[in-house]
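Open the model in your viewer and keep the sequence panel beside it. This tour goes from stop to stop, saying what to select and what is there.

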Amino acid sequence: MPSNMSVPFLDLGAAYLELKDDLDAAYHRVMDSGWFILGKEVEAFEREFAAYCEAAHCVGVGNGLEALHLILRAYGIGPGDEVIVPANTYIATWLAVSYAGATPIPVEPDARTYNLDPALIEAAITPATRAILPVHLYGQPADMDPIKALASRYGLKVIEDAAQAHGARYHGRRVGGLGDAAGFSFYPGKNLGALGDGGAVVTNDADLAERVRVLRNYGSRVKYHNEVKGFNSRLDELQAALLRVKLPVLDAWNERRRAAAARYLDGLAGSELGLPYVPKWAEPVWHLFVVRHPQRDALQQRLQQAGIGTMIHYPIPPHLQPAYAELGYGAGAFPISEAIHREVLSLPMGPQLTAAQQGRVLGRMVSDIRPNSAA
Ligand SMILES: *Cc1c(COP(=O)(O)O)cnc(C)c1O
């Protein structure tokens, strides 16, 4: 491969081309049906995705943020209530809590896994706490058993933010059915991505599933009969039909991400980069491959100059965003999260990343990063 060839961070065009015939056929099937909202495609996808997650119920909704928001609403969590969230997450996790009218209470992550540290949760529980909302960040499952033990001791709900972890396993069990309910996103760049916005609630709680079904559709079970003040947040027929093409290849595509992650881990071993850590009980799906470096910005610039696309997940933690100035947290309030945000860099990762492209990334990184022994 020529040394000036660029490596995109994620190649959604290549993903489309690989499934083009089937995706195009699904598109035409929906167009020909003349039925676009809440029909056979959504129903079929809900059955198929629940089965994939090894859970009883799935309800298709508008996006991942709405999935989490509707779960909180359906559990009656609102003003005056507190929900424990990771300090280190995408802001959508917090926004779902705010939309419900409750207050997000941040807890620091484990510095090695980037996920909620179960040992730090109990100190954040108050009489107002109603739920814990762990995120399976970067595709790696959070340590759910101690979180669930704590939740049952205090009578709290456990709501998984599984937006980055479709197919990941914890102690052999799929995410999505590990807590009381889970929110998934089908944003195009996610491991299971639609060609537009989409999301789902997955749960083994039949009552919760039914309440979310009502809430997503104007609070009505029967057209023009509104039991509660609901929302308009529905997965549409077209996105459901396209997702039904992509779901059957999800495991194979996650397997390719695993192979790519193994090549990165192998090629970068012994460098001064901080590498992802995978606990024994975790089977991550590598939504992102995140490394750490104290001079992260300079490293990103050099890779950029070499035509290698990287991203930062995320540059500013939620507690330091202007959107959450109201909570009054200053710099230094969550030092582990803040250090993570200063140092992380996501390397190119995806099912269509070729070994040649990855070789180029590795070649560039290895010549760039001093080995530990020379440091
Ligand atoms: C993508 C994402 C969401 C929100 O999903 P949308 O479909 O974009 O609304 C929520 N939480 C996390 C961790 C995410 O990565």
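Start with strands β4 (residues 129–132) and β5 (residues 157–161): they run parallel and are joined by two bridges. Strands here are DSSP E runs of at least two residues, helices are H or I runs of at least four, and both are numbered from the N terminus. Two strands pair if DSSP finds at least two bridges between them. Pick Ala 131; its bridge partner in β5 is Lys 157.

Before moving on, note that this is a predicted model: local features need pLDDT of at least 70, side-chain atom pairs count only at pLDDT 80 or more, and totals for chains, interfaces and linings use all residues. Residues are numbered from 1 along each chain as its sequence is written, and side-chain values use heavy atoms, with hydrogens and water left out.

**The sheet**

Now show the whole sheet. It is open, has seven strands and mixed pairing, and follows the order β1-β9-β8-β5-β4-β2-β3. Look at its edges, β1 (57–61) and β3 (103–107): each has a single partner strand, so one side of each is left without a neighbour in the sheet. From one strand to the next, the twist averages 25°.

**Helices on the sheet**

Select α3 (residues 40–52). This helix packs on the sheet and touches β1, β8 (181–185) and β9 (199–203). Contact means heavy atoms within 4.5 Å. The direction of α3 makes about 130° with that of β1. Axes are lines fitted to C-alpha atoms, for helices over the stretch in contact; angles run from 0 to 180 degrees between N-to-C directions.

Next, select α4 (residues 64–74). This helix also packs on the sheet, touching β1, β2 (82–86), β5, β8 and β9. Its direction makes about 160° with that of β8.

**Neighbours of α4**

Keep α4 and add α7 (residues 206–215). Their axes come within 9 Å and cross at roughly 115°. That makes α4 roughly perpendicular to α7, a term that covers 65 to 115 degrees. Show the side chains in contact: Leu 70, Ile 71, Arg 73 and Ala 74 of α4, with Leu 208, Arg 211, Val 212 and Leu 215 of α7.

Swap α7 for α5 (residues 91–99). The axes of α4 and α5 are 8 Å apart, and the helices pack at an angle of about 40°. Among the residues that meet are Leu 65 and His 69 in α4, and Leu 95 and Tyr 99 in α5.

**Two cysteines**

Select Cys 53 and Cys 58. Why is there no bond at Cys 53? Its sulfur is 7.1 Å from the closest cysteine sulfur, in Cys 58, too far for a bond. A disulfide needs a pair of cysteine sulfur atoms within 2.5 Å, and the structure holds zero. Cys 53 is buried at 2% relative accessibility, and Cys 58 is buried at 2%. Buried means under 20% relative accessible area, exposed over 50%, and partly exposed in between (1.4 Å probe, protein chains only).

**Strand β13 and the loops**

Go to β13 (residues 289–292). Phe 289 and Val 291 point one way, Val 290 and Arg 292 the other, and all are buried. Four bridges join β13 to the antiparallel β14 (residues 344–347). Val 291 stands opposite Leu 345.

Step back to Trp 286, in the loop between β12 (282–283) and β13. Its phi is near 50°, a positive value in a residue other than glycine. Trp 286 is buried, at 7%.

Finish at Tyr 314, in the loop between α10 (296–305) and α11 (335–343). A cis peptide bond joins His 313 and Tyr 314, with omega about 15°.

Conventions
Parallel < 35°, antiparallel > 145°, perpendicular 65-115°, else oblique.
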